[in-house]
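Me: Could you take a close look at one part of this model for me, the strands at the start of the chain, and then walk me outward to whatever lies around them? I would enjoy a connected account.

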Amino acid sequence: MMQEGTVLETLHISKAFPGVQALDDVSLTLRRGEIHGLIGENGAGKSTLIKIIFGLYQPDKGEVRIDGKPVKFDSPMDSVKAGIGFIPQERNLIPGFTVGENVLLEKLNQSGVFVSYKKINAEAVQWLEAVGLDILPTVVVSELSPAQMQLVETAKALALKTKILLLDEPTASLTPHEVEFLFGVLKKLKTSGVAMLFVTHKLEEIFAICDRVTVLRDGHVAAQGEPIESMDKDRMISLMIGRKYVVTQLPPKPPRKDKPILEARDVYSDSGTQGVSLDLYPGEIAGLYGLVGAGRTEFARALIGDARITGGEVLVNGKVANVKSVADALHRYGIGYVSENRKAEGLILSHSVVTNITITVWDRIAKMLGVVRKREERAIARRSVDQLDIKTPSLDQIVMYLSGGNQQKVALAKWLTANTRILIIDEPTIGIDIKTKYALHDLIWDLAANGVAILLISSDMPEIIRLADRILVMKDHRIVGELANSREYGDMSQKIGKLLA
Ligand SMILES: Nc1ncnc2c1ncn2[C@@H]1O[C@H](COP(=O)(O)OP(=O)(O)OP(=O)(O)O)[C@@H](O)[C@H]1O
Ligand SMILES: [Mg+2]
């Protein structure tokens, strides 16, 4: 019997990919006017389930029902018609199109040859306002920040007036303020009866807005539709990983050496940097905190030769550095940069796991004749796969077929193996499950303990407070203050808040 209020059911859904059972007998129900959390480790099957509901994949077994009737969607066109909206984990916008065109893409598709841009833009403005995005619909999407793109995705789903909304990590690249706004939007949708399936790795978010939660573990249902009141964080984590998990304390680090390895002196750049000065010492983790758009990534780009320095200077090991390109940064100066935009910039999606991880060390393992030694290469990749618990059927799997979080891990692994003396890490744990997040923290900590100088860019305040030796706060492309880290969350968040006010 279908329960009162049930809008959507997945019944006994299984789905295999070569070498992976992504879903195994997954049943779940979604009720009218509820926000249903869907959680699980990277590779647990969350996105696959959502893609099946949306008609992007066909299940091997099982069925999807809407209002009690079995449905079969051959493509997303069908599911959109049936009232399903999807905010995907991978940005799905067309970069060369304007914001307005993207928001109303489906309408453009249907309206044939005659498109009134005035109308399109006027309507797009409403949806942009609804998600709190203050940009013109005529802006081209490729100009937007990740957070803005995320909100455009949301506006797009709203424009379709869906009754079932599937959200795959919608908050991954949003600032706390934007998350709050998005949650406001979701709560309104909820009151109007929309049923939502909400994927996130941030468990606090589950408690903040979800009514019920389903946990996937290795493609199985570990808990189905449990009321949020019956859950706590520890229980969620043990359901996700199949055992109890204890977060270990990070050990104290020896004091830093006396000479900075990297110095920025009053740096201006054509990426917007406004007179930034900082010293980075071997063996330390300096946190660079700021909200999305504060100019942290733009500053990092100037350091690695991806933006032009227009004023001031950068010194590496006490000597003026003239970093010409990302490759130059790595090979000549030992500076690595883990991009926040890992999917777009950090990976060759059509290549294997092993190639992607070892690409930065080819120089080192290409001994005679420039031939990369396969065995060494595989050993390095194997170590990273184990360390970061990268879920892949083999080292030769094409990266495109890994789950979103596992792709992130591959991109990180590449830099962690790169033997850099200075490592700039931009938002390392976005989209990464909680267990791996702590594993990554340990790794970053170990690198620093081994003498690597780390500049940690993060919008995740608990993360920066856990890891950083000191915290530089950035706003409007300037450093507005530096704080010693007491590692007390309340204390630090208050101090940081003051600097940002
Ligand atoms: N198109 C595909 N081809 C081959 N394997 C795939 C494909 N899509 C997903 N997989 C595999 O199926 C499993 C489940 O992946 P899925 O993307 O559903 O995970 P997820 O729970 O969304 O993880 P994440 O938190 O990392 O996004 C993973 O092992 C993944 O590598
Ligand atoms: Mg996913």
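**From the first hairpin outward**

Reply: Happy to. Strand β1 (residues 6-17) pairs with β2 in the antiparallel sense, over eight bridges. Bear in mind that this is a predicted model. Within that pairing, K15 sits opposite L23 of β2. The two strands make a hairpin with two residues between them, and G19 in the turn has a positive phi of about 85°. β1 also pairs with strand β4 (residues 61-66), again in the antiparallel sense, over five bridges. There, L8 has I66 of β4 as its bridge partner. As for the side chains, there is a simple rule to keep in mind: in a regular strand they alternate between the two faces of the sheet.

The hairpin leads on to the ligand. β2 (20-31), α1 and α16 (404-416) each supply at least two residues of the shell around ligand 1. That shell holds 19 residues, of which F17, N42, S47, S403 and G405 come nearest. Sorted by class, the shell has six nonpolar, eleven polar and two charged residues.

A44 is a good stepping stone from here, as it is found in the loop between β3 and α1. A44 counts as buried because it has 27 C-beta neighbours inside 10 Å, where 20 or more are required. Leaving aside residues up to four places away in sequence, A44 touches L216, R217, D218 and G219. The C-alpha atoms of A44 and S403 are separated by 8.5 Å, although the two residues are 359 apart along the chain. S403 is also one of the residues that come nearest to ligand 1.

Now to the sheet that contains β3. This is an open sheet of six strands, in the order β6-β7-β8-β3-β9-β10, with mixed pairing. β6 (84-87) and β10 (220-227) stand at its edges, each with a single partner strand, so one side of each has no neighbour in the sheet. From one strand to the next the twist averages 15°. At the β6 edge, the pairing with strand β7 (residues 164-168) is parallel and runs over four bridges, and I84 stands opposite I164 of β7.

Helices lie across this sheet. Helix α1 (residues 46-54), which we met at the ligand, lies across β3 (35-39), β6, β7, β8 (195-199) and β9 (212-217), running at about 150° to β7. Helix α7 (residues 176-191) lies across β3, β7 and β8, and runs at about 150° to β8.

Another helix deserves a pause, α6 (residues 146-159). At 1.5 Å a residue, its 14 residues should span 20 Å, and this agrees with the 20 Å between its end C-alpha atoms. α6 is mostly covered, with 13 of its 14 residues buried. K161, which follows α6, has a positive phi, near 50°.

Further along the chain there is a second open sheet, of four strands in the order β12-β11-β14-β15, with antiparallel pairing. Here β12 (274-280) and β15 (319-320) stand at the edges, each with a single partner strand, so one side of each is left without a neighbour in the sheet. Strand β14 (residues 309-316) is joined to β15 by two bridges, and the two run antiparallel. V316 has K319 of β15 as its bridge partner. Helix α10 (residues 296-303) packs on this sheet, where it touches β11 (262-269), β12 and β14, and its direction makes about 110° with that of β11.

Last stop: strand β13 (residues 285-289). Five of its five residues are buried, so β13 is largely enclosed by the rest of the structure. Both faces are covered, with I285, G287 and Y289 buried on one side and A286 and L288 on the other. β13 runs parallel to strand β18 (residues 453-458), to which five bridges join it, and Y289 stands opposite S458 of β18. β13 is also joined by four bridges to strand β19 (residues 470-475), again running parallel. In that pairing, G287 has I471 of β19 as its bridge partner.

Notes
Residues numbered from 1 in each chain as written. Chains lettered and ligands numbered in written order. Predicted model: local features only at pLDDT ≥ 70, side-chain atom pairs only at ≥ 80, totals over all residues. Pairing = 2+ DSSP bridges. Axes fitted to C-alpha atoms, helices over the stretch in contact; angles between N-to-C directions. Contact = placed C-beta atoms within 7 Å. Expected span 1.5 Å × (residues − 1). Buried ≥ 20, exposed ≤ 12 C-beta atoms within 10 Å, placed from the backbone. Near = placed C-beta within 6 Å. Nonpolar A, V, L, I, M, F, W, Y, C, P; charged D, E, K, R; others polar.
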